[in-house]
Amino acid sequence: MTTTRTGGSCTSSYRTQSTLALSEPEDHVRELTDWVEHASAVTGAPGAQEVWDNAYKWLRLAQGLRTMTFDMSYDDGGMCSVGGDFDAVWTEMMEEWQLHQVRLGYLRAALEGFVRLLHPEASQPWLAIEEAERQLQHHAEALPLHARAVAEHLRTHSPDPAEDSAAPVATGVAQAIALHEKAVHGRAGIPEPTSDADMKIFAAGHAEVCAVREASTVLLLGIQLLMAAAVQQDRVAAFDDKYLLDGMWVPDASGSGRWVDEEMPYGEYLAVLHLAPGEPPEL
């Protein structure tokens with residue numbers, strides 16, 4: 001039997017570059033949750049704080065999700081030895097796939113909560129993200145690095161990819177929600193292991209795992225854009241400084257990045273919180 005984790009066959013360059021790489025969703029959501037904890041909606045609307053707090057709690061759920069446990073074994077009375085191999089590989093596959101599926105659902109709930117508060121007029125979450133993207137077009141420093149690339153990668157997993165858009169993250173958010181809807185309503189196909197001519201069992205479903213992982217990332221980036229636009233409009237205020245005790249690479253005007261190992265205002269940190277810290281520069 002050969003078992004292979006399903007995440008390895010769909011890795012984009014924005015996750016593997018040595019500096020300014022995109023963090024994995026579990027790290028990304030941790031930093032975004034920390035940012036929201038140090039921010040607050042500036043509105044006197046009745047119940048606004050309750051809506052903010054509830055959306056924040058959905059983020060906390062996504063941040064707290066670490067593992068999923070499955071047991072796909074099936075007792076066939078020992079009739080088929082290969083069946084045990086199949087079930088073991090399928091168990092690993094489902095644990096990884098469902099980890100991303102559940103996180104996607106939590107992130108959708110958080111995004112929709114923030115949209116209801118900040119854009120109650122929006123009939124769909126992606127419309128609020130589209131407005132935020134347009135607002136930030138002339139403020140390049142507020143746009144998260146890799147946002148367009150992630151949205152474009154997600155398009156490659158869609159059976160009916162949308163055309164190129166001036167608001168790619170909004171388009172990606174719509175596709176991510178559609179992907180979640182398919183699972184909620186039982187229309188998503190469930191990946192299974194495959195085998196070779198010698199009946200060795202291998203993990204499959206690489207594309208399915210990648211699609212849900214990148215869908216989660218698109219929703220996280222959508223929340224970042226939503227917050228960045230709200231901060232510019234003084235509808236959300238961020239407090240305190242982020243202490244980058246271990247340091248991290250952040251984008252600069254040259255595109256090569258600069259190393260920061262001191263305090264950064266949370267208002268500025270919003271644009272870079274999705275990036276992996278990277279290794280410190282050699283002295």
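How many residues does helix α7 have, and how far does it reach from its first C-alpha to its last? In this predicted model, helix α7 covers residues 168–184, which makes 17 residues, and it reaches 24 Å between its end C-alpha atoms, close to the 24 Å expected at 1.5 Å a residue. The buried residues of α7 are Pro168, Val169, Ala170, Thr171, Gly172, Val173, Gln175, Ala176, Ile177 and His180. After α7 comes Gly186, which has a positive phi near 75°.

With that helix in view, the reader may turn to the chain as a whole. The chain has nine helices and eight strands. Its radius of gyration is 20 Å, close to the 19 Å that the globule rule gives for 283 residues, so the chain is as compact as a globular protein of that length. Taken along the principal axes, the box filled by its C-alpha atoms is roughly 65 × 55 × 35 Å. Of the 283 residues, 45% count as buried, and among the contacts with a separation of 6 or more, 75% are made by residues 24 or more positions apart.

The outside of the chain can be described in a similar way. The chain exposes about 14100 Å², and carbon and sulfur atoms supply 51% of that area. There are 19 positive and 43 negative side chains, and the centres of these two sets lie 4 Å apart.

A second helix to follow is α5, made of the twelve residues 125–136, which should span 16 Å at 1.5 Å a residue; the end C-alpha atoms of α5 are 17 Å apart, which agrees. The buried residues in α5 include Pro125, Ala128, Ile129, Glu130, Ala132, Glu133 and Leu136. An α-helix has 3.6 residues a turn, so residues three or four places apart point the same way.

Helix α8 offers a residue from the interior, Leu219. Because its relative accessibility is 0%, and buried means under 20%, Leu219 counts as buried. Leaving aside residues up to four places away in sequence, Leu219 touches Leu104, Leu107, Arg108, Leu111, Val173 and Ala176. Two of these partners, Val173 and Ala176, are among the buried residues of α7. Gln175, also buried in α7, is 44 residues from Leu219 in sequence, and the two C-alpha atoms are 10.0 Å apart in space.

Two loop residues deserve attention for their backbone. Most residues other than glycine have a negative phi, and most peptide bonds are trans. Met199, in the loop between β2 (194–195) and β3 (201–202), is a residue other than glycine with a positive phi, near 65°. At 46% relative accessibility, Met199 counts as partly exposed. Asp234, found in the loop between α8 (206–232) and β4 (236–238), likewise has a positive phi, about 60°, although it is not a glycine. Asp234 has a relative accessible area of 59%, so it is exposed, the cut-off being over 50%.

The path ends towards the start of the chain, with Ser13, which is found in helix α1 (residues 13–16). With a relative accessible area of 55%, Ser13 is exposed. Ser13 and Ser216 are 203 residues apart in sequence, while their C-alpha atoms are 18 Å apart in space.

Notes. Residues are numbered from 1 along each chain as its sequence is written. This is a predicted model: local features need pLDDT of at least 70, side-chain atom pairs count only at pLDDT 80 or more; totals for chains, interfaces and linings use all residues. Side-chain values use heavy atoms; hydrogens and water are left out. Helices (H or I, at least four residues) and strands (E, at least two) are DSSP runs, numbered from the N terminus. The radius of gyration is taken over C-alpha atoms; the globule rule is 2.2 Å times the number of residues to the power 0.38. Buried means under 20% relative accessible area, exposed over 50%, partly exposed in between (1.4 Å probe, protein chains only). Contact means heavy atoms within 4.5 Å. Accessible areas come from the Shrake-Rupley method with a 1.4 Å probe; for residues, only the protein chains shown count as cover. Lys and Arg count as positive and Asp and Glu as negative; His and the chain ends are not counted. The place of a charge is taken as NZ of Lys, CZ of Arg, CG of Asp or CD of Glu. The expected span of a helix is 1.5 Å times one less than its number of residues.
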